[in-house]
Amino acid sequence: MDRIVTEDGFDFSFNPLACIECGGECCVGESGYIWVKYGEIRTIAEFLNLSVDEFSMRYLKRVNGRYSLKEIEFERRNYACIFFDTVSRRCQIYQVRPIQCQRYPFWEILKNRREEVKKECPGVI
Ligand code: SF4
């Protein structure tokens, strides 16, 4: 967790140490989707000691046949993932966070958008 990460096809690198001080910039902002597949849903539900059904009712929304974690509006037009603690500014399920979160900032949609990603993520170099 302490070395610079690179990925083929991306025009930036990432320093995971930046996450310690960042305060979760990638967990808040404009409304979006935090996609989760069934295996991830089961893992997170287990972590929270909930059944998959109960977890789904509390924390998931269905979008065109897929599932996303819900968001909460915490400032005017600013949204946070439902698992983001806006006081401590930490992910409450960090150990079992979705793959989408683990992969950030190496998302297809962010390829070749270094300057844009840098504004959001202090770990991008
Ligand atoms: S699951 Fe955790 S890391 Fe992923 S968006 Fe929510 S708060 Fe952030």
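The legends below describe close-up views of a predicted model.

**View 1. Surroundings of the ligand.** In this predicted model, the residues around the ligand are Cys27, Leu69, Cys81, Phe83, Phe84, Cys91, Ile93, Pro98 and Cys101. Sorted by class, this shell holds 9 nonpolar residues, with no polar and no charged residues. Two members of the shell, Leu69 and Cys81, recur in the views of the strands: Leu69 is the bridge partner of Leu60, and Cys81 is among the residues touched by Glu71.

**View 2. The open sheet E2-E4-E3.** Three strands make up this open sheet, in the order E2-E4-E3, and their pairing is antiparallel. Strand E2 (35–36) and strand E3 (60–63) each have a single partner strand and stand at the edges, so one side of each lacks a neighbour in the sheet. Helix H3 (residues 52–59) packs on the sheet and touches both E3 and E4. The direction of H3 makes about 75 degrees with that of E3. Between E3 and strand E4 (residues 66–69), which run antiparallel, there are 4 bridges. Leu60 has Leu69 of E4 as its bridge partner.

**View 3. The crossing of helices H2 and H3.** Helix H2 (residues 38–47) and H3 have axes that come within 9 Å and cross at roughly 100 degrees. The crossing angle therefore makes H2 roughly perpendicular to H3. From H2, the contact involves Tyr38, Ile41, Arg42, Ile44 and Ala45, while H3 contributes Val52, Phe55 and Ser56. By class, the residues of this contact comprise 6 nonpolar, 1 polar and 1 charged. The loop between H2 and H3 contains Asn49. Although Asn49 is not a glycine, its phi is positive, at about 60 degrees.

**View 4. The open sheet E1-E6-E5.** This open sheet of 3 strands follows the order E1-E6-E5, with antiparallel pairing. E1 and E5 stand at the edges with a single partner strand each, so each has one side left without a neighbour in the sheet. Strand E1 (residues 28–29) pairs with strand E6 (residues 78–81) in the antiparallel sense, over 2 bridges. Within this pairing, Gly29 has Tyr79 of E6 as its bridge partner. The pairing of E5 with E6 is likewise antiparallel, and 4 bridges support the assignment of that pair.

**View 5. The hairpin of E5 and E6.** E5 and E6 form a hairpin in which 2 residues lie between the strands. Arg77, in the turn, has a positive phi of about 55 degrees. Along the hairpin, Glu75 stands opposite Asn78 in E6, and Ile72 stands opposite Ala80 in E6.

**View 6. Glu71 and its contacts.** Glu71 is located in strand E5 (residues 71–75). Its side chain is joined to that of Ser31 by a polar contact of 2.6 Å. A polar atom of the Glu71 side chain also lies 2.9 Å from the backbone nitrogen of Gly32. Leaving aside residues up to four places away in sequence, Glu71 touches Glu30, Ser31, Gly32, Ile34, Lys61, Tyr79, Ala80, Cys81 and Ile82. Among these contacts, Lys61 falls within the residue range of E3 (60–63), and Tyr79, Ala80 and Cys81 fall within that of E6 (residues 78–81).

**View 7. Glu73 in strand E5.** Glu73 is likewise placed in strand E5. Apart from residues up to four places away in sequence, Glu73 touches Asn78 and Tyr79. Asn78 is the residue that stands opposite Glu75, and Tyr79 is the bridge partner of Gly29. Glu73 and Ser31 are separated by 42 residues in sequence, and their C-alpha atoms are 8.7 Å apart in space. Ser31 is also the residue whose side chain makes the 2.6 Å polar contact with Glu71.

**View 8. The cis peptide bond before Pro105.** Tyr104 and Pro105 are joined by a cis peptide bond, with omega of about 5 degrees. Pro105 is found in the loop that runs between helix H4 (99–103) and helix H5 (114–120).

Technical notes:
Residues numbered from 1 in each chain as written. Predicted model: local features only at pLDDT ≥ 70, side-chain atom pairs only at ≥ 80, totals over all residues. Heavy atoms only, no water. Near = heavy atom within 4 Å. Nonpolar A, V, L, I, M, F, W, Y, C, P; charged D, E, K, R; others polar. Polar contact = N/O pair within 3.5 Å; in protein donor to acceptor, adjacent residues only side chain to side chain. Contact = heavy atoms within 4.5 Å. Pairing = 2+ DSSP bridges. Axes fitted to C-alpha atoms, helices over the stretch in contact; angles between N-to-C directions. Parallel < 35°, antiparallel > 145°, perpendicular 65-115°, else oblique.
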